[in-house]
Amino acid sequence: MVQTRWRYITVQIVLLALVSVTLWRVVYLQVLQKDFLISEGTSRWQRTEVVKAPRGMLSDRYGEPIAVSTPVMSIWADPRELDPADLPALAKAAQVGMKTLLNRADSHRAFMYVRRQMTPDQAQLILDMDLPGVYGQQEYKRYYPTGEVAAHLSGFTDVDDRGQEGIELAFERQLASVAGKKEVIRDLLGRSVRDVGEILAAQPGENLVLTIDLRLQYLAYRELKQAVATMGAASGSVVMMDVRTGEILALVNQPGYNPNDRSSLQPEALRNRALTDLFEPGSVMKPITMAIALDAGVVKVDSLINTSPGRMRLGKYTIRDFKNYGTLSATQIIQKSSNVGIVKVSQDIPKEQFWQSLYNFGLGETSSLGYPGEATGSLPNPMRWDSVIQGSLAYGYGMAVTPLHLAQAYATLANDGRRVNARLIQGVSSGETGLQVVSAASAEAVMGMMETVVQRGGTATRAKLDWYTVAGKTGTTHKVGASGYEDAKYVSSFVGITPAVNPRIVTVVVINEPPEDAYYGGEVAAPVFKGIMEQAMPLLNVRPDASPLADAGFY
């Protein structure tokens with residue numbers, strides 16, 4: 001009887017203990033571990049996905065696209081879930097080397113890319129194979145509709161959509177998008193079957209509108225590329241700028257590259273030479289010097305300068321003209337591009353005023369574009385000037401500029417002597433403008449002198465347009481090598497302003513290392529200017545202000 005009682009008590013204790021353990025386990029799981037269990041259960045079917053947003057678009061002044069983001073799919077995998085037997089089929093479908101895939105498939109990692117930035121159709125073929133551990137992710141890839149034509153302006157992005165060159169790099173903060181997050185429900189194969197809700201909204205990048213006119217960009221690109229290829233030059237650049245606003249309407253370089261296919265890209269093709277490559281400008285500086293001299297009162301429009309015998313000593317150097325021009329007027333010094341004449345004119349300009357005026361023209365500094373790699377011009381410190389340095393600066397030696405520097409300086413000259421700063425992005429300030437660098441009278445007088453450069457007897461008759469007046473200037477300089485000036489390597493240039501009266505556009509053409517038998521700016525750069533402008537002016541609806549009939553004597 002006693003033994004039976006103890007058995008009963010023991011069973012009661014065991015049952016009570018089991019009930020207590022069960023109750024404790026229920027409380028532990030349902031109360032203490034509730035959040036953990038819910039999280040673990042949810043993770044089996046609900047995931048957080050990254051939501052990509054498109055990068056900001058680049059467009060020209062009329063909204064034509066220069067850089068856009070297109071949706072693509074990237075295939076990724078979880079190596080822990082992959083079946084090794086599926087790897088050969090996956091590698092073949094993704095067109096990835098088997099060895100490459102094996103190197104990526106580290107079983108200790110939870111993520112690896114199989115192939116990135118595939119077209120949605122290509123990626124769907126892989127996803128339709130229903131391979132365990134293989135997933136798709138939407139991304140965006142940068143596409144450049146203009147290809148090589150605007151490549152040096154736009155630059156490009158890397159595979160992660162980050163700017164690497166050009167405007168893509170300079171304005172990365174504005175163009176970059178911000179990824180969002182959302183909760184999705186996935187099936188047993190890892191495919192998203194339903195969106196649960198948005199956690200963080202994705203933010204597209206800011207669109208930027210360039211000042212570029214793609215019509216003019218195509219014109220400049222075509223003419224420059226043809227010219228560089230035909231003459232076998234090493235490189236070339238063209239800058240077109242609105243003289244009233246400083247807006248860059250076209251900017252092209254050769255050699256170029258296709259930002260959509262960089263598989264065979266050469267590093268030297270990346271350089272935006274119009275903004276990064278410095279050179280001694282040579283004779284294109286003479287109108288600037290003449291304007292400063294007129295403003296300083298050391299010369300007048302009707303002044304006569306004796307340049308005989310066509311050469312002069314400047315320190316230990318001898319300055320030479322193409323030939324002995326004898327006595328020249330100020331206008332003829334520009335028309336004939338007389339080195340002796342412009343040096344004599346410059347000698348009486350106070351050096352501090354000369355330096356300050358050159359600097360106010362935008363020489364010796366960088367522009368306000370903010371473009372990566374943009375070069376700072378070189379202008380000697382006036383405290384170290386002597387007559388040799390001042391004389392050499394007068395005709396463009398002893399200093400260094402980019403094509404953009406020349407465009408800004410000539411735009412200032414064409415804008416009645418008021419400072420013009422280059423602009424490339426609509427709505428982005430170009431810095432302080434409106435500074436009166438030289439008087440309107442001096443600027444107008446020099447503009448008239450430059451008109452004679454493209455007329456009979458000038459150095460750039462090949463730049464003359466049939467229906468529009470042109471004010472311009474040629475330049476030809478020896479290149480600087482390791483041991484000094486190269487005898488057979490030149491930089492040839494032409495800067496033209498159209499129309500000469502009520503100016504609208506300044507165009508700079510620079511040809512680097514033209515052929516040895518034809519290297520003068522009037523021979524190689526001036527025709528490129530004409531090829532561009534005779535098509536550009538009608539496109540801009542600029543009314544003709546000249547006529548070939550007038551030159552022929554009909555009226």
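Modeller: Strands are DSSP runs of at least two residues, and helices are DSSP runs of at least four, numbered from the N terminus. These terms are applied here to a predicted model.

Biologist: Which element supplies the largest share of the lining of the second largest cavity?

Modeller: The structure holds 2 cavities of 30 Å³ or more, and the second largest has a volume of about 40 Å³. Its lining includes Glu 148, Val 149, Tyr 221 and Asn 253. Helix H6 (151-154), helix H9 (214-231) and strand S10 (248-254) each give two or more residues to this lining. The largest share, 3 residues, comes from S10.

Biologist: How many residues in the lining of the second largest cavity are nonpolar?

Modeller: The residues that line this cavity include Ala 150, Ala 151, Leu 251 and Val 252, as well as His 152 and Gln 217. By class, the lining has 1 charged residue and 3 polar ones, while the number of nonpolar residues is 6.

Biologist: Which element gives the most residues to the lining of the largest pocket?

Modeller: The largest pocket holds about 1,200 Å³ of space. Among its 43 lining residues, the closest to the centre are Ser 283, Arg 320, Asn 339, Thr 476 and Tyr 520. Elements that each supply at least two residues include strand S13 (317-320), helix H12 (330-336), helix H15 (387-394) and strand S15 (471-481), together with strand S16 (484-498) and helix H18 (521-524). The largest share, 6 residues, comes from S15.

Biologist: How many polar residues belong to the lining of the largest pocket?

Modeller: Three classes divide this lining. The charged residues number 11 and the nonpolar residues 13, and the count of polar residues is 19.

Biologist: Are helices H11 and H13 roughly parallel or roughly antiparallel to each other?

Modeller: The axes of helix H11 (residues 286-296) and helix H13 (residues 339-346) come within 10 Å and cross at roughly 30°. Angles under 35 degrees count as roughly parallel. The relation of H11 and H13 is therefore roughly parallel.

Biologist: What is the handedness of the crossing of H11 and H13?

Modeller: The handedness depends on which way the near helix is turned from the far one, anticlockwise or clockwise. For H11 and H13, the crossing is left-handed.

Biologist: How many residues of the contact of H11 with H13 are nonpolar?

Modeller: H11 contributes Lys 286, Thr 289, Met 290 and Ala 293, whereas H13 contributes Asn 339, Ile 342, Val 345 and Ser 346. In this contact, 1 residue is charged and 3 are polar, and the number of nonpolar residues is 4.

Note on methods:
Residues numbered from 1 in each chain as written. Predicted model: local features only at pLDDT ≥ 70, side-chain atom pairs only at ≥ 80, totals over all residues. Heavy atoms only, no water. 1 Å grid on protein atoms, 1.4 Å probe; cavity = no way out; pocket = protein on both sides within 12 Å on 5 of 7 lines; lining within 4 Å. Points joined across faces, edges and corners; volume = space filled by probe spheres on them. Nonpolar A, V, L, I, M, F, W, Y, C, P; charged D, E, K, R; others polar. Axes fitted to C-alpha atoms, helices over the stretch in contact; angles between N-to-C directions. Parallel < 35°, antiparallel > 145°, perpendicular 65-115°, else oblique. Contact = heavy atoms within 4.5 Å.
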